[in-house]
Structure formats: structure tokens, C-alpha cells
Amino acid sequence: TKAVIICVMDVSGSMTQSIKELAKRFFTLLYLFIQKNYQHTEVVFIRHHTRAAEVDEQEFFYSRETGGTIVSSALQLTAEVIEKRYPQEQYNVYVAQASDGDNWDNDSELCHKLLKSKILPAIQYFAYVEITQGAHQNLWHEYQKLQGEFESEFAMQQVRTSADIYPVFRELFASKVD
């Protein structure tokens with residue numbers, strides 16, 4: 001079985017360098033896990049602020065570009081990549097999204113719709129990691145509405161510190177790790 005991981009990272013102005021480092025650690029652990037379990041693993045890197053772009057690994061983790069936050073741009077691009085390049089009958093598709101959860105209020109509902117109608121029906125699993133030490137942001141609250149309907153395909157966890165990364169990873173991928 002072939003697999004693809006689509007890594008989606010928020011690089012907006014609210015994402016500090018320390019938050020980006022936590023996201024990078026999470027994505028590295030995920031990549032190693034998938035690589036161990038699948039012979040052929042592709043990785044797609046999507047980063048976003050107000051606009052999303054598919055980038056290489058170097059740009060994904062190290063570019064200093066920043067801006068406002070429109071998460072739906074990344075989810076729309078994710079849906080397009082899945083539809084054009086990764087048919088469900090040929091690939092196990094995993095999506096992992098890391099963000100501080102900040103999003104323009106009027107955009108979070110669109111994110112919900114994109115996940116529900118275009119992404120979740122076409123993939124094996126979607127993991128959302130909110131990296132914040134404070135209260136959950138509006139994206140988390142919108143995503144919570146999907147949990148009941150997509151229990152086996154969708155999960156979300158919060159990371160507060162680097163010590164949370166491995167336990168959160170285990171929680172998100174428990175059935176796949178054990």
C-alpha cells in the first residue's frame with residue numbers, strides 16, 4: 001500500500017518560532033512513523049497564512065514568510081492535491097495540521113465545510129494539533145463539531161510544551177502505533 005502524508009502548517013504572524021518548532025517536531029515524528037509502516041511514503045508540505053502554497057521541506061520548516069490567517073486556503077489546496085494526485089483506491093492518505101488555532105472568525109465555518117465535504121470522505125485519517133498554552137481558539141471549537149460524525153477519521157489534541165509531543169502523537173495514532 002502506498003501512503004501520503006499531507007502536512008499543513010500555519011505560518012501566520014501569531015505562530016511564533018517556538019510554536020513552529022513544536023509543529024516541526026510533531027511532523028518529524030509522524031513522518032518517521034509512516035515511513036516505518038509503509039514501503040512507499042510521499043510527503044506533501046502545505047504552509048499558509050492568508051494564502052496557502054505547496055512547498056518543499058526546507059521552505060515548510062524554515063521560511064520566514066508570515067501574514068494574517070485564513071486556514072481555508074490550506075484546506076482547499078489540500079482537497080485539490082488529494083483529488084488530483086492521490087486516489088483513494090491507490091493511496092492511504094493522512095493529513096496532519098498544526099496551528100495555534102487562530103483564524104479569521106468568518107473562515108472557521110468554511111474550514112468545517114471543506115473538511116466535512118471534501119477532505120474527510122477522501123482520506124484515512126486527519127489529525128489536528130493545536131499548539132497553544134492558553135484557551136482553545138475558534139478553529140478548535142469549529143473542528144469539535146466534526147468529532148462525533150467522523151470519529152475514526154478525525155482527531156484533535158492540544159500541545160502546550162515539547163513534553164506533550166510524544167504523548168499527543170500516541171493519543172492521535174494509538175490504534176496505528178500499538
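Biologist: Quick one to start: which residue in β3 does Phe45 stand opposite?

Modeller: Val55 is the residue across from Phe45. Strands and helices here are DSSP runs numbered from the N terminus, with at least two residues (E) for a strand and at least four (H or I) for a helix.

Biologist: And what kind of model am I looking at?

Modeller: A predicted one: local features need pLDDT of at least 70, side-chain atom pairs count only at pLDDT 80 or more, and totals for chains, interfaces and linings use all residues. Residue numbers run from 1 along each chain as its sequence is written, and side-chain values use heavy atoms, with hydrogens and water left out.

Biologist: OK. Back to β2 and β3: parallel or antiparallel?

Modeller: Antiparallel, with 4 bridges joining β2 to β3, which covers residues 52–55. Two strands count as paired if DSSP finds at least two bridges between them. A hairpin of 3 residues leads from β2 into β3.

Biologist: How many bridges join β1 to β2, then?

Modeller: 9 bridges, and those two strands run parallel; β1 is residues 2–10 and β2 is residues 40–48. The route from β1 to β2 goes through helix α1, residues 17–37, as a right-handed β-α-β crossover. Right-handed means that, with the strands pointing away from you, the path from the first strand over the helix to the second runs clockwise. If you want a marker on that pairing, Met9 sits opposite Arg47 in β2.

Biologist: I've been looking at Gln35 too. Where is it?

Modeller: Gln35 is in helix α1. Gln35 counts as partly exposed because its relative accessible area is 40%, where buried is under 20%, exposed is over 50% and partly exposed is in between, using a 1.4 Å probe and protein chains only.

Biologist: How far is Gln35 from Arg170?

Modeller: C-alpha to C-alpha they are 16 Å apart in space, with their positions 135 residues apart in sequence.

Biologist: Let's switch to charges. How many salt bridges does the count come to?

Modeller: The count is 4 salt bridges. The rule wants a side-chain nitrogen of Lys or Arg within 4 Å of a carboxyl oxygen of Asp or Glu. The general idea is that side chains of opposite charge can pair when their charged atoms come close.

Biologist: What does Lys113 pair with?

Modeller: Glu109, at 3.5 Å from N to O. Both are in helix α4 (residues 105–119), 4 residues apart, about one turn of the helix. Lys113 is partly exposed at 47%, and Glu109 is partly exposed at 45%.

Biologist: And which residue forms a salt bridge with Lys116?

Modeller: That's Glu149, and the closest N and O atoms are 3.2 Å apart. Glu149 lies in the loop between α5 (138–147) and β6 (154–159) while Lys116 lies in helix α4, so this pair ties together parts 33 residues apart in sequence. Glu149 is partly exposed at 48% relative accessibility, and Lys116 is partly exposed at 35%.

Biologist: I also spotted Glu142 with Lys145. Is Glu142 buried or exposed?

Modeller: Buried, because its relative accessible area is 12%. Lys145 counts as exposed at 55%. Their side chains make a salt bridge at 3.3 Å, N to O, and they are 3 residues apart in helix α5, about one turn of the helix.

Biologist: Now the aromatics. How many pairs are there?

Modeller: 17 aromatic pairs. Rings of Phe, Tyr and Trp (its six-membered ring) pair if their centres lie within 6.5 Å; planes under 30 degrees apart are stacked, over 60 edge-to-face, and the rest tilted. Phe45 comes back here: Phe45 and Phe60 form a tilted pair, 4.8 Å centre to centre with 45° between the planes. Phe45 lies in strand β2 and Phe60 in helix α2 (residues 57–62), so they tie together parts 15 residues apart in sequence. Phe45 is buried at 12%, and Phe60 is buried at 0%.

Biologist: What about Phe126 and Tyr143: how are their planes set?

Modeller: Their planes are at 85° and the centres 6.4 Å apart, so that pair is edge-to-face. Phe126 is in strand β5 (residues 125–131) and Tyr143 in helix α5, so the pair ties together parts 17 residues apart in sequence. Phe126 is buried at 0%, and Tyr143 is buried at 0%.

Biologist: Last thing: which ring does Lys24 lie over?

Modeller: The face of Phe61, at 5.6 Å from the ring centre. To count, NZ of Lys or CZ of Arg must be within 6 Å of the ring centre and within 35 degrees of the ring normal. Phe61 belongs to an aromatic cluster whose members include Phe26, Phe33, Phe45, Phe60 and Phe173.
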